[in-house]
Amino acid sequence: MRNRSNSGVRLDYYQRLLNKTILKYQNPVTGLIPSSEENSHAWVRDNVYAILSVWALALAYRKTADLDEDRAKAYELEQSVVKLMRGLLRCMMTQVEKLEKFKHTQHVDDSLHAKYCSQTGRTVVGDKAWGHLQVDATSLFILSLSQMTASGLQIIFTLDEVSFIQNLIFYIETAYRTPDYGIWERGDKTNHGLPELNSSSIGMAKAALEAINELDLFGARGGPLSVVHVLPDEAQQCQAILHSMLPRESNSKEVDAALLTVISFPAFAVDDYEKVEETRDTIMLKLEGKYGCCRFLRDGYKTAQEDPNRLHYEPWELQVFERIECHWPMFFALSVLDGLFNGNKEQVKKYAEKLDSVLLKTDEGIYVLPELYTVVKDKVELEYRTPNSQKREAIGKIPHKWGQSLYIISKLVQEGFLSPGELDPLNRRLVSEPKPDIVVQVVILAEDEYIQSKLLEHDIKVQTMDEVRPLQVFPARVLTQIYSLLGRNKKLGLTGRPKNEIGLLATSKLYTFHDQILAFIPQMADEHQFYLPKDTLLKLDMFANDMGFLSSYWRYLGRPLVIFPVSTNLNYLDVGHNPPGALIGTIKKLQSGYIAGTRVHLGNLADFVTTSCITKLSFLRDPSHGEEVKKFIGDIFNKAPDIRPRLLSSTRMRPRPRSHSRSSVHGIVRRSRSIQVDPDQAQERGSSQSSLQESLKRLERGMTIPDIEYPREYPMPQHPSSPSLHLKGSLHPLHYSHQAPCSSPQLSHFFHQGGLPPGKQESISINELVEQLSNTEVLHEQADIIHYLYLHRGPDWEIKIDGRKCCINELLVELYEKAGHWKHWGLVRHTAGLLKKRVEELALAATDLLVRQKQLSVGLPSDREKVIMRPLPPDDLAKIIFEACGEDLSTASLTQELLIYLAMFIRTEPKLFNEMLRLRVGLIIQVMASELARTLKCSGDEASEHLLNLSPFEMKTLLHHILSGKEFVINTEHTNVEDECRLSVSTKKVGEEATEFAKLSRKPYAKMQKSIPNLDPEELEKEDDVESDRQGQWLRRRRLDGALNRVPVGFYPRVWKVLKMCHGLVIEGHNLPHSLTREMTPGEFKFALHVEIVLNKIPQPEYRQLMVEALMVLTLMAENDAGKLQFSQLIQVDRIVQMANTIYLKDQKIPIDVVERSRGAAGICLHFYDTAPSGRFGTMSYLCRSLATILPIPIDKDANLDCTLS
């Protein structure tokens, strides 16, 4: 008989070690491992980590087997792994109803349980008795299942189990917006049952989604139906959110040692090497100790100061855990594995020695890893004084199966029994390797031959939709319908994937079904959902951004393919019936091979079939779907999709002369709006009208539609089967897209005064309104009447127009399309609000902002403002927005629109949001209206109407100027439509006209006193032509920064230090107590939120910024006093500001009557608001003097202050 090799002997040692520390606890019936002999509870996470070492040892035996006995041992260990993984699968499958419900609600009560009975597999606690929602645990199970299956194990046996795993993917794919209780099951670290968005959960979910994508769960024996599918955009979104959060774990945890499992084994979820290094360094700097790592700062679990009689902590007591947090030695094992995977021998040596020093030896001579080390009670005070100086005691579970497993795995790799790659058969460890440059393939498709011929005139050759056959092109919503069948299983009661929107990465692939190849138009080109794609300039701008997005995030075999349709709805044609110039310019850039810094290849669809990424829609062949699904599939593939609804009338008509009688509901749409401009912010305008108002006023007189002559090469088609339309003055898309440009329908200008007399609402005749609606061709009269009928009769109320029945909702849809055609964006936004349209990426945009440490509020301040603190499902978010905006449906649409733009900016230009904690969308809307009022010198009502009538592209441009602080000017541009003008926003050049207040504030006070009573803008302009307009800018800057909630860098941690030295801060009657420093650390996001909540109580943005400046003076004092100052009182911050204003007025010797006329928000002089912060006479100087006057700062014997600020 052959002798055992040294390697075999050593492996036998690790097998005995496993048997005595892990496998001896495995239940023979369920396969689960209980937490201890006394406690039968089996945690999903702990079980998976524990069995990883068994799997690793099986791989080692299989690799080095030199006897049949070794192969038998490998098989025995493999079956132990299969037994446990199938045991967990069975436990979860008994909760299939909860899984199905959670897909739609993401509610904590609907989550799968985190632990089960190891003896029966049943649940052990109630839904609300534990923090069950732990996305990382479910994700770890899926990740480990994927790696084990790839290594050759077969864990999944039936197609029903495949369907369940597919639905588990739907369970975790929203991890980026699902707050959970995290890896430590506590949520917020006070352990009050408050779930948080956790980086460790998002990272593990991202790794699981990438690992299991396109994996055959039956291994080599599988077929098309056993393959699991993951939509790439879900994993990408998890990645983007994870990168933005690291090294932070959550709102209440600055950093967490659990992130080691995300940046290294087993997840390898971060592909940015610098981010990996930053996270690792932060963990070791803040959490590493002699016996292991703390889980997170101020972790009270199992410390001597923790009260064992309750699970939660009081906020004030968290400070007592600082410096005595328990050390978890398993993080040394993770650090060893990290070093082994990244090839860092010094790291391996360092942490292997530390790991050996914390092992315990049992009576049987076996080395075990304890759960944690704690400071004993009588050594706590000494540890407070000198951290890491006291000897700690091992407590908790001994051995700790999770840590023991990681220790054994690290030893197997260290001793050469396994290579890192064998523990990672899916090669996740290579995720941070550099990728080749991406070339984005672009296909331009014309909707019909007319558009094709017009593009050919510009030397642009494209195909039409019909010419690409047999390849079929569909809108993205069809792909959404197809994927709704994924994971459907009637026996288990699973309905498949929720109908969430499909992202750009998914539509950038080709798909095969039987012998057909399918391509999909991106979601951003779909005009059926929201109005943003109706604006050609915005559509092209978003297309360029999408090219950059694909270049950065494409990680799949083959090149991405983007289809850009040129439809008849791009109907902003000039006199020569040419496509938009911006469209031609974009296509020319594509032809050059580069756009927005991204390499592109423009060509025909058939040319890209061999170079594109292709996915098989194999799940559509599932026979269990039945006849209903077959019919559904047939409808999709056999029926040509109608990409655009045919809503507008095909009737050519001459308008009747304008009727001078006014509707009894005239102006009701305008009166539904609630955007207000602070009168202090809108300066005196003078009596002169700007050219903008003059051009707009001409529209009040009404215009007629001239006879329409159709171009000879495109005769007017007849559509006898077109749907009957009801509103007059409409044109069918096929007609107006190809006709000579004509004037807009008669417009009832928004700025009319008058309307519905008070108390006369009851006298309105519905029949008269319906008759007026039948006769009028004036767009805004139609809008007023339909709005009134919608409010008082509802969307389903039926009326007759010209003998045809229709409901109000049909009229709204038609009005929406009609307003979109004529580019009347105010009406488009209003009708979109009435139709309750929701932008496709609303939840995604809000999540992008929220997870980057930004809070959101919607609704106009302050009565209706609603704060959004965590990611929400799309419908819930839309409901909050509509509730916050009340009857002002135009603002509801605008709010959604701005959220999309803010998310775009935070992804591409995150510096715009530096030191902004809460984005108050309602206040931003007010500031935008205020800036228009300032720039156009118009009233607040006019400014709000101008704002709502900006095109989406110009709205995005204006928002960017507001965020960046750049000065801008509004230009009046005449469009291709006769007699119409639009507003365009551009950056202000040096020397352009300043506001009257800026010019006034530059004058000497004697001259200023004379100028105030009779302000003549023309005289001021003559006097100040050569002067700089810098003055007035500090007032504007403070207003903008206050509205955007912008604060200086490092503001919140510095305020924490101020609180530490006093009893509290009082701001406008609201208190920030000293006790917050006991509950929270300086870098904790929760502390910043508390400060922000108090500052947001101040309604005037410029006054808020002075408060911030006053707090900064206090922080400078706290940072430079070397611990000398302590104040046993509350510091009244608003009193410091008021005193500084008083000192300023006294110094400047401003006459009392001028002071009265220059009084601004909170009684502060406007000139003080317009003073620069720095300099001898800056606001900071006056705030310092005020501080010295109010606070009891020590003085020397000569009554001199010891200045610590200079």
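**View 1. A three-stranded open sheet, ordered S21-S20-S22**. This close-up comes from a predicted model, and it shows an open sheet whose 3 strands pair in a mixed fashion. At the edges sit strand S21 (866-868) and strand S22 (918-920), each of which pairs on one side only. Going from one strand to the next, the twist averages 20°. As a bit of background, strands in a sheet pair through backbone hydrogen bonds, and they do so either parallel or antiparallel.

**View 2. Strand S20 next to strand S22**. Zoom in on strand S20, residues 855-858, and you find that S20 and S22 pair in the parallel sense, over 3 bridges. Which residue of S22 is the bridge partner of leucine 856? The partner is another leucine, leucine 919.

**View 3. Helix H28 across the sheet**. Here we add helix H28, made of residues 842-850. H28 lies across S20, S21 and S22, and runs at about 130° to S20.

**View 4. Helix H38 and its cover**. Is helix H38 (residues 1051-1060) largely enclosed or largely open? Helix H38 is largely enclosed by the rest of the structure, because 7 of its 10 residues are buried. The buried ones are Phe1051, Tyr1052, Arg1054, Val1055, Trp1056, Val1058 and Leu1059. Two strands are part of the cover over these residues: S25 (1064-1067) and S26 (1070-1073). Helices H39 (1076-1079), H40 (1085-1095) and H41 (1101-1120) are also included in that cover.

**View 5. Where the model is confident, and where it isn't**. Averaged over the chain, pLDDT is 81, and 80% of the residues reach 70 or more. Confidence is highest in helix H5 (residues 135-150), with a mean of 97, and lowest in helix H23 (residues 733-736), with a mean of 34. Two stretches call for a careful eye. Residues 679-724 stay under 50 in pLDDT, and the model gives them 78 contacts beyond four places in sequence. Residues 990-1029 are below 50 too, with 56 contacts in the model beyond near neighbours in sequence. Where pLDDT is low, the predicted coordinates should not be read in detail.

**View 6. Stepping back to the chain**. To place the close-ups, here is the chain they come from: it has 45 helices and 27 strands. Of its 1206 residues, 61% count as buried. Among contacts with a separation of 6 or more, 75% are between residues 24 or more positions apart. About 48300 Å² of the chain is exposed, and carbon and sulfur atoms supply 50% of that area.

How values were computed: Residues are numbered from 1 along each chain as its sequence is written. This is a predicted model: local features need pLDDT of at least 70, side-chain atom pairs count only at pLDDT 80 or more; totals for chains, interfaces and linings use all residues. Side-chain values use heavy atoms; hydrogens and water are left out. Two strands pair if DSSP finds at least two bridges between them. Helices (H or I, at least four residues) and strands (E, at least two) are DSSP runs, numbered from the N terminus. Axes are lines fitted to C-alpha atoms, for helices over the stretch in contact, and angles run from 0 to 180 degrees between N-to-C directions. Contact means heavy atoms within 4.5 Å. pLDDT is the predictor's confidence in each residue, from 0 to 100. Buried means under 20% relative accessible area, exposed over 50%, partly exposed in between (1.4 Å probe, protein chains only). Accessible areas come from the Shrake-Rupley method with a 1.4 Å probe; for residues, only the protein chains shown count as cover.
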